[in-house]
Amino acid sequence: MLQTLIQRKKRQDHRANQKISKNRHDLYADELERLIVGRKPESTADIIPEGEIVLTINVYYPITSERISTSRPHMSLLMTGSHSLAELRDAICCVSDLQVCGEFSNTPDLAPDFISKDLFKSSFFFFEGVFYNDMRFPECQDISKTTIEWAKARNYPAYTQAKMEDTRFVDLTIKVGFPYLYCHQGDCEHLVIITDIRLTHKSDCLDKKLYPLLIRKDRLLTQKCTVCHLFIGRWFTTNDQYAPSDPCLFCDKCFRALHYDTAGNKLGEFLAYPYVDQGAFN
Amino acid sequence: MDFCRKEVKSDCEQLLSRFQRTGSVRFEIFSRLWREMKFSHIFYGTAGHQKRAFSHLILDTARSFFLPPFSFQIRVGGLYLLYSLYQCQTAEPKEQIRLALKDWEDVKKFEKNAVDAQHHDTVYILQQLMLLKAFYFTAMPSQLVFKKKKKMEKSVLCEEFIERASRPQELITIDLLEELSNINELYEKLKTSVASSEQAVSSINLVRTDMVPQLRSTVVDFYKWQQKKEVTVEDEDSGEGTSSQQECSERAERLADIKSRAYGQAAEASKSRRHRQVEVDFTSNEAGPSHSSSYTRIYKRSLKARTMENVHISGDKWKDVTSSSYIPRLTTLDFIPEEKPKKCKKFKW
């Protein structure tokens with residue numbers, strides 16, 4: 001009798017006894033897999049050429065978030081060798097990109113105009129001692145300059161710079177399995193690990209347009225409104241006389257219903273900030 | 001999926017050790033064993049995306065048997081195992097076999113060995129796998145992730161499967177020994193021609209004169225010892241007596257042998273036939289090499305453990321010392337009910 005089967009049966013019986021409901025990560029993983037495997041492009045111009053390499057990249061949670069863990073990546077992407085780093089940067093979804101800075105209790109309708117992604121476009125990748133900066137837009141600044149100068153002042157080995165949009169993956173020299181860095185918004189840093197490099201295969205998804213391809217995404221629990229427990233919280237209030245706790249989370253409808261009258265005038269004293277839930281990309 | 005790695009490995013080892021005992025490399029024998037063990041059932045019971053993860057795990061495990069340092073027979077068994085698992089897997093579309101760039105050369109050498117030895121079924125299976133495009137050509141054998149564990153479990157290779165070490169014999173060949181003795185002679189001549197007087201000759205004698213015969217004898221002894229070890233492993237009951245050790249005469253004999261160039265090399269059969277018994281026909285002493293002292297790390301017990309052992313503190317005081325103090329509990333009622341620590345059921349693997 002095979003030992004693997006004995007163990008598997010034991011495990012399944014145990015789970016049946018415990019009545020654990022199906023893991024939500026598994027549910028979504030199954031669905032993603034069905035969508036990805038074996039997709040062919042409509043036009044042959046988009047097909048990935050033979051001999052192209054495919055990289056599996058794991059992006060982890062930002063260092064500042066409480067959910068940082070090295071065992072479970074936030075998302076896993078597949079990229080081909082001829083894609084540029086800028087395309088990878090566009091594919092990484094981080095909630096800090098959607099954050100809106102500023103207090104908006106007086107002007108709640110103006111909030112969506114100030115997304116951080118549009119304001120602070122600078123970012124960089126750090127691979128093997130080279131900083132790859134995003135210079136596509138005029139607002140982008142070279143945020144790696146400070147680090148390079150600091151390192152020079154302290155006799156560290158010299159770091160160099162390059163442009164993110166000009167570097168393709170085939171041009172990089174990397175160590176597989178080694179942790180690298182992706183930094184955006186100035187201080188939101190993500191761990192990036194390239195776990196696998198291989199040649200393309202006929203069963204891979206061969207449509208160039210679909211890359212970067214998401215193969216795994218961690219789904220996070222969303223925080224719901226304190227009032228209705230139905231909608232995802234979008235407003236964050238402090239010093240609020242109407243709120244049961246300080247700070248407090250509200251969905252858009254409940255927030256407006258509680259804090260503003262029908263004419264749109266502010267009632268009472270409070271400070272309101274737009275809130276982006278960590279599960280915004282689910 | 002890592003929880004079943006050990007079990008999968010032991011199942012594969014069981015199948016391969018049975019295959020090793022049959023002493024053959026034929027696919028029919030392997031498939032008979034496979035059907036006896038009902039090995040294809042290993043895939044049953046997985047659901048959803050676990051199918052793919054499990055296929056990946058088991059193909060990874062089987063692939064390790066296909067690569068060096070295992071013996072040829074085990075590698076053939078590994079190849080057959082890979083093929084059978086690839087065909088029987090339940091994941092749809094099929095999960096591929098990962099082959100690292102550095103292993104590709106070994107695979108090619110293996111194929112060449114099989115072709116030379118005319119193991120046609122082995123070559124057929126390998127080429128069938130290539131035809132099915134079952135391989136992923138990767139940079140690294142497995143997907144690498146940054147792990148923070150302090151103790152990495154070392155993968156233990158099954159001892160019996162490992163190829164018999166044959167590097168000494170391959171390296172020290174007859175040609176090499178001849179060349180060495182030639183160079184040695186030339187060197188001696190040079191030395192004597194340079195030396196002005198008799199006394200100077202002895203003082204510049206830095207090289208061992210009998211280096212070449214001793215090198216050859218060591219290699220031959222090693223080979224003989226390997227043979228003896230294999231024989232004694234197979235039949236444990238019969239204690240074979242060692243032949244008598246007549247070292248001096250043996251050495252003289254060996255010197256004469258080299259000079260006359262009429263000695264036999266330890267004949268290593270090609271790797272593809274080595275799983276059968278190899279015959280060697282020459283007589284030299286059977287002095288086995290001295291047992292190499294294996295370096296084992298002495299693990300010192302932790303300071304805490306040693307303190308607990310050495311220092312004896314009586315009764316209540318010890319209890320107070322070992323249990324952690326609860327600050328809110330410093331002033332409480334006399335009666336405190338025993339609190340059982342909450343036990344959550346953990347699955348025993």
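Colleague: What makes the link between the side chains of Arg52(B) and Glu95(B) a polar contact?

Modeller: In this predicted model, the two side chains come to 2.7 Å of each other. A polar contact needs a suitable pair of N or O atoms within 3.5 Å, so the 2.7 Å between Arg52(B) and Glu95(B) qualifies.

Colleague: Why is Arg52(B) called buried or exposed?

Modeller: Its relative accessibility is 18%. Buried means under 20%, so Arg52(B) counts as buried. Arg52(B) sits in helix 3 of chain B, residues 50–66. Beyond its sequence neighbours within four places, Arg52(B) is in contact with Glu33(A) as well as with residues of chain B, including Ala91(B) and Pro93(B).

Colleague: Nice. How do you know what to call the packing of helix 2 and helix 4 of chain B?

Modeller: Their axes lie 11 Å apart, at an angle of about 55°. Since roughly parallel requires under 35 degrees and roughly perpendicular runs from 65 to 115, helix 2 of chain B is oblique to helix 4 of chain B. The crossing is right-handed. Phe27(B), Phe30(B) and Trp34(B) supply the helix 2 side, meeting residues of helix 4 that include Tyr80(B) and Leu81(B). By class, this contact has eight nonpolar, two polar and no charged residues.

Colleague: And over in chain A, why does Asp240(A) count as buried?

Modeller: With 10% relative accessibility against a limit of under 20%, Asp240(A) is buried. Asp240(A) lies in the loop between strand 9 and strand 10 of chain A. The side chain of Asp240(A) also makes a polar contact with that of His259(A), at 2.4 Å.

Conventions
Residues numbered from 1 in each chain as written. Chains lettered and ligands numbered in written order. Predicted model: local features only at pLDDT ≥ 70, side-chain atom pairs only at ≥ 80, totals over all residues. Heavy atoms only, no water. Helix = DSSP H or I, 4+ residues; strand = E, 2+ residues; numbered from the N terminus. Buried < 20%, exposed > 50% of the residue type's maximum accessible area, 1.4 Å probe, protein only. Polar contact = N/O pair within 3.5 Å; in protein donor to acceptor, adjacent residues only side chain to side chain. Contact = heavy atoms within 4.5 Å. Axes fitted to C-alpha atoms, helices over the stretch in contact; angles between N-to-C directions. Parallel < 35°, antiparallel > 145°, perpendicular 65-115°, else oblique. Left-handed = near helix turned anticlockwise from the far one by under 90°. Nonpolar A, V, L, I, M, F, W, Y, C, P; charged D, E, K, R; others polar.
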